[in-house]
Number of protein chains: 2
Amino acid sequence: MEENDRYSLRGRVFSKLREDIITGRYEQGEELKESALGEEYGVSRTPVREALRQLELEGLIRMVPNKGAYVDGISAKDVLDIYEIRSRLEGLCARWATEHITHEQMERMEEAVYMSEFHYRRSHFDKMAEIDSEFHEIMYEASGSKKLQHVLSDFHQYVYSVRKMSVQVHTRGKTSIEEHRQIAQAIKNKDAQLAEQLSNKHILNAMQNALDNGLREMLQKQKKG
Amino acid sequence: MEENDRYSLRGRVFSKLREDIITGRYEQGEELKESALGEEYGVSRTPVREALRQLELEGLIRMVPNKGAYVDGISAKDVLDIYEIRSRLEGLCARWATEHITHEQMERMEEAVYMSEFHYRRSHFDKMAEIDSEFHEIMYEASGSKKLQHVLSDFHQYVYSVRKMSVQVHTRGKTSIEEHRQIAQAIKNKDAQLAEQLSNKHILNAMQNALDNGLREMLQKQKKG
DNA sequence: TTATGTATTATTGTATACAATTATTCTTGT
DNA sequence: ACAAGAATAATTGTATACAATAATACATAA
């Protein structure tokens, strides 16, 4: 999908809107008007509407019939919930990946670990977050389960902004890479049990780090507001 | 969403198409032409396209740019994967529901148990399946987690056809109701631990029943094809 | 002044028109 | 007969036009 999206107006609008919502560039509840968006992107309402309908299905906006579309992005609680959900699913994914991974996928996974260390040493945080994503996406793909891949991929993207923040915490960046390395090794050794255990723990650690570096405060603030 | 959908052409097309794909009324890989669908439903291409874009995002169809839309429904393996995924999430959901359920939701849940027994005794299998859905949907809603509700609700719908089949197996129908009753009781008693444990087991039992009543054969058949 | 009903405007929902791309058919030359 | 290429048709992608609904502004009466 990602790639197809670049070659159609609808795809471009969808990707940009999605990113802007996930990264919080819109206010919660903000109204999205089709004409305005169309003008902004230099397209007609048709592709805008198709993009909006997709975002509605995904739950990133809420559409009221004959009224309008309202931003309904990722709250701090959503992020926490997603970490909890992922902590139950990433282990399953690692198990299945161990059973189904191809040689080519294994190589890509190991390269991702290698490259993240490379960028870590140079403090390229954006690049690191990107490769961190890649590691997980490869594992999702390797699971051989279309449905598991779909849900984990979505959730992983939803916490992108938080992850990018967390990875900049120096010690977490290093620890995360080390955890990835161990997971990759377990998968390579065909030790499904260990891969599952490590993956679940990996997510719980990431959640703990997010809580300790801003997420907890965000939760408090949103609970009041 | 469900209700809004009834009042717009796009919504009606979406719901009907979705149901037809989930229940397997289309061939795998079958091409869906916008004009043909429009004629079938007596509408123009516009609402059809919006519906197709939503189904694409959901992964129920695959769209090739400038070519067409192809059915990519729920395979037997998808169903099995979904049971595995749900077995890891329903427990979490039951735990959260125990913590967040309202009095009104609890009453609806108990009524669902009661009603399913009523219809069970009268062998109203369709009605039973419907109320079985209701039980789970109430729990998803009661979890208080928008994201968990979303994913579990989708997955639950995906296995609808299988569930309807399974529930007709006399002994499973009775067992399932009993399990629901115990889960509801645990939630009411605020015993999150027990609710979680029972819910996870409930899904595993449902999976086992599905395997023993047709799913295993479907898996074999699809593996060859 | 304020409530109420009406006209106006703005916005979404749908249909249609046109452009771009892909598939198909029909030549045509060997 | 068959391959290559052009012409034609079919299909999707996008823009625009029109219809239906909701929001707003305004006038009028109590």
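# Exercises on a predicted protein–DNA model

A:Thr46 has an N or O atom in its side chain that lies 2.6 Å from a base nitrogen of DNA strand D. The exercises below concern a predicted model.

## Exercise 1. The surroundings of DNA strand D

Determine which residues are closest to DNA strand D and which of its atoms come within 4 Å of the protein.

*Step 1.* DNA strand D is surrounded by 20 residues, the closest being A:Leu9, A:Ser44, A:Thr46, A:Lys67 and B:Arg49.

*Step 2.* Of the atoms of DNA strand D that come within 4 Å of the protein, 69% belong to sugar and phosphate.

*Step 3.* Individual side chains may now be assigned to parts of the strand. A:Lys67 places a polar side-chain atom 3.0 Å from a phosphate oxygen of DNA strand D. B:Arg45 has a polar side-chain atom 2.9 Å from a base nitrogen of that strand, and A:Thr46 likewise approaches a base nitrogen, at 2.6 Å.

*Step 4.* The secondary-structure elements that supply at least two residues each to the surface near DNA strand D are H1 and H3 of chain A and helix H3 (45-58) of chain B.

*Step 5.* By class, this surface near DNA strand D holds nine charged, six polar and five nonpolar residues.

## Exercise 2. The surroundings of DNA strand C

Carry out the analysis for DNA strand C, stating which residues are closest to it.

*Step 1.* The residues surrounding DNA strand C number 20, and A:Arg49, B:Leu9, B:Ser44, B:Thr46 and B:Lys67 are the closest.

*Step 2.* Sugar and phosphate contribute 68% of the atoms of DNA strand C that lie within 4 Å of the protein.

*Step 3.* Three side chains illustrate the phosphate contacts. From a phosphate oxygen of DNA strand C, a polar side-chain atom is 2.7 Å away in A:Arg49, 3.0 Å away in B:Lys67 and 3.4 Å away in A:Arg53.

*Step 4.* H3 of chain A, helix H1 (9-22) of chain B and H3 of chain B each give at least two residues to the surface near DNA strand C.

*Step 5.* That surface near DNA strand C comprises nine charged, six polar and five nonpolar residues.

## Exercise 3. The contact between the protein chains

Describe the interface of chain A and chain B by its residues, buried area and polar pairs.

*Step 1.* Chain A gives 37 residues to the contact, and chain B gives 37 residues.

*Step 2.* About 3300 Å² is buried between the two chains, with carbon and sulfur atoms giving 58% of this area. Within the area that chain A buries against chain B, 24% is supplied by A:Leu57, A:Arg88 and A:Lys147, more than any other three residues.

*Step 3.* The interface contains 10 salt bridges. One of them joins B:Arg53 to A:Glu50, whose closest N and O atoms are 3.4 Å apart. Polar contact between the chains involves 19 residue pairs.

*Step 4.* On the side of chain A that touches chain B, helices H1 (9-22), H3 (45-58), H4 (76-100) and H7 (146-158) each supply at least two residues. H4(A) provides the largest share, 10 residues.

*Step 5.* This side of chain A divides into 15 nonpolar, 15 charged and seven polar residues.

## Exercise 4. The symmetry relation

What turn and what shift along the axis lay chain A on chain B?

*Step 1.* A turn of 180° with a shift of 0.0 Å along the axis superposes chain A on chain B with an RMSD of 0.0 Å.

*Step 2.* This relation is therefore that of a two-fold axis.

*Step 3.* Of the interface residues of chain A, 100% are also interface residues in chain B, so the copies meet through the same surface.

How values were computed:
Residues are numbered from 1 along each chain as its sequence is written. Chains are lettered from A and ligands numbered from 1 in the order in which they are written. This is a predicted model: local features need pLDDT of at least 70, side-chain atom pairs count only at pLDDT 80 or more; totals for chains, interfaces and linings use all residues. Side-chain values use heavy atoms; hydrogens and water are left out. Contact means heavy atoms within 4.5 Å. Buried area is the accessible area (1.4 Å probe) that two parts lose on being put together, summed over both. A salt bridge is a side-chain nitrogen of Lys or Arg within 4 Å of a carboxyl oxygen of Asp or Glu. A polar contact is a pair of N or O atoms within 3.5 Å; within protein, one must be able to donate a hydrogen and the other to accept it, and residues adjacent in sequence count only if both atoms are side-chain atoms. Helices (H or I, at least four residues) and strands (E, at least two) are DSSP runs, numbered from the N terminus. Ala, Val, Leu, Ile, Met, Phe, Trp, Tyr, Cys and Pro count as nonpolar, Asp, Glu, Lys and Arg as charged, and the others, Gly among them, as polar. Copies are superposed by least squares on the C-alpha atoms of residues with pLDDT of at least 70 in both. A residue is near a molecule or strand if one of its heavy atoms lies within 4 Å of it.
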